[in-house]
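User: Please take a close look at the barrel in this model, and then set out how the helices and the salt bridges are placed. I would like one connected account.

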Amino acid sequence: MSQSNSDQCFLLHQRSYGETSMIADVFTKNSGKMSLIAKGAKKPKSKFFGYLVPFHKLNITFSGRSELKTLTSIDRNLADSSNTMSKVSYSLLYINELLIKLLPKDAKHEELFSLYDKFLRDVNDKNNLELTLRHFELDLLDMLGYGFDYEVDIDHNEPIEADIGYLFVSERGFRKSKNSNFTGKDIINLKNRRLEKVPLKYLKEITTKAISICLEGRDLASRQIFKKIKQ
């Protein structure tokens, strides 16, 4: 008989499996990203019915030695649940989609699990959504090894100067530019995560470019959906 394991997780995505079951892609605290089959989860009388919800921490037990584990129990705390507007909902879906595409399976990443947990709490506390998203993106890039050098420019390896203009170059970092209004002071604020002091235009441009490189040309469905909503 397979050993039963306990963990905390967040649901990233779920899909139907057969007529009555679901396969859930989850981000666990101790094992990283994994896939679970919830047998009979679509049946109203199932112990899983209505419990597989995104954006809330779930306490689960599972078993199995193959890549697809079997969900055996689930519990959740929805004390912090609240109705969200569409922009918040699709922002959360966007972050989940990023994690699905960028996280390797079965690789423990407890620090990132804590970061995602904090991100959801910040959103639930109605902190500035735009800055909360950018903060998570920058920390995610750093944790996954895609971060960039905030200390020196890419051409001459000279220290970033507060009053000099710079351009962001994907996969490399920051290049001096006399024609840019994005300054070394903004880079220093980026490094120290004082994002409220960085112009949103440049902040979003930098994270979008950096994440696009990480995705290696793969598109995000959540971005396309949100574009249609704004039209």
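Analyst: The account below begins with the barrel and then turns to the helices and the charged pairs.

The model is a predicted one. Its barrel is closed by 5 strands in the order S1-S2-S3-S5-S4, and the pairing is mixed. Ignoring direction, neighbouring strands of this sheet are turned by 55 degrees against each other on average.

Strand S1 has pairings with S2 and with S4. With S2, S1 pairs in the antiparallel sense over 8 bridges, and within this pairing Leu11 has Val26 of S2 as its bridge partner. The hairpin of S1 and S2 has 3 residues between the strands, and there Gly18 takes a positive phi near 70 degrees. With strand S4, residues 58-63, the pairing of S1 is again antiparallel, over 5 bridges. Here Asp7 is matched with Ile60 of S4 as its bridge partner.

The parallel component of the barrel can be seen between strand S3 (residues 32-38) and strand S5 (residues 68-76), which are joined by 3 bridges. Leu36 finds its bridge partner in S5, namely Lys69.

The pairing of S1 and S2 is accompanied by a charged contact. Asp25 and Arg15 form a salt bridge through their side chains, at 2.9 Å from N to O. Because Asp25 lies in strand S2 (residues 21-28) and Arg15 in strand S1 (residues 5-17), the pair ties together parts that are 10 residues apart in sequence. The two partners can also be described by their accessibility. Asp25 has a relative accessible area of 11% and is buried, whereas Arg15, with a relative accessible area of 35%, is partly exposed.

Helix H2, residues 110-124, lies across S1 and S2 and runs at about 70 degrees to S1.

The salt bridges extend beyond the barrel: a search of the whole structure finds 15 of them. In general terms, side chains of opposite charge can pair when their charged atoms come close. One example belongs to helix H3, where the side chains of Glu137 and Arg134 meet at 2.6 Å, N to O. Both residues lie in H3 (residues 129-143), 3 residues apart, or about one turn of the helix. Glu137 and Arg134 are both buried.

A second example within a helix is the salt bridge of Lys209 with Glu205, whose closest N and O atoms are 3.6 Å apart. These two residues are 4 residues apart in helix H5 (residues 200-215), so about one helical turn separates them. The spacing can be read against a general rule: an α-helix has 3.6 residues a turn, so residues three or four places apart point the same way. Lys209 is partly exposed at 34% relative accessibility, and Glu205 is likewise partly exposed, with a relative accessible area of 34%. Elsewhere, Lys57, Asp117 and Arg121 are joined into one network by salt bridges that share partners.

Helix H3 also contains Leu141. This residue is buried, with a relative accessible area of 3%. Leaving aside residues up to four places away in sequence, Leu141 touches Tyr146, Gly147, Phe148, Ala210, Ile211 and Cys214. Leu141 and Leu102 are 39 residues apart along the chain, and their C-alpha atoms are separated by 9.8 Å.

The remaining helix to consider is H4. Its buried residues include Gly184, Asp186, Ile187, Asn189 and Leu190. Among the elements that cover the buried residues of H4 are H3, strand S6 (166-169), strand S7 (173-176) and H5. Asn189, found in H4 (residues 184-191), counts as buried because its relative accessibility is 5%, and the cut-off for buried is under 20%. Not counting residues up to four places away in sequence, Asn189 touches Arg194, Leu195, Lys197 and Val198. Just after H4, Arg193 takes a positive phi of about 60 degrees.

In summary, the barrel order is S1-S2-S3-S5-S4, with H2 lying across S1 and S2. The salt bridge of Asp25 and Arg15 connects S2 and S1, while that of Glu137 and Arg134 has both residues in H3. For H4, the cover over its buried residues includes H3 and H5.

How values were computed
Residues numbered from 1 in each chain as written. Predicted model: local features only at pLDDT ≥ 70, side-chain atom pairs only at ≥ 80, totals over all residues. Heavy atoms only, no water. Buried < 20%, exposed > 50% of the residue type's maximum accessible area, 1.4 Å probe, protein only. Contact = heavy atoms within 4.5 Å. Salt bridge = Lys/Arg side-chain N within 4 Å of Asp/Glu carboxyl O. Pairing = 2+ DSSP bridges. Axes fitted to C-alpha atoms, helices over the stretch in contact; angles between N-to-C directions.
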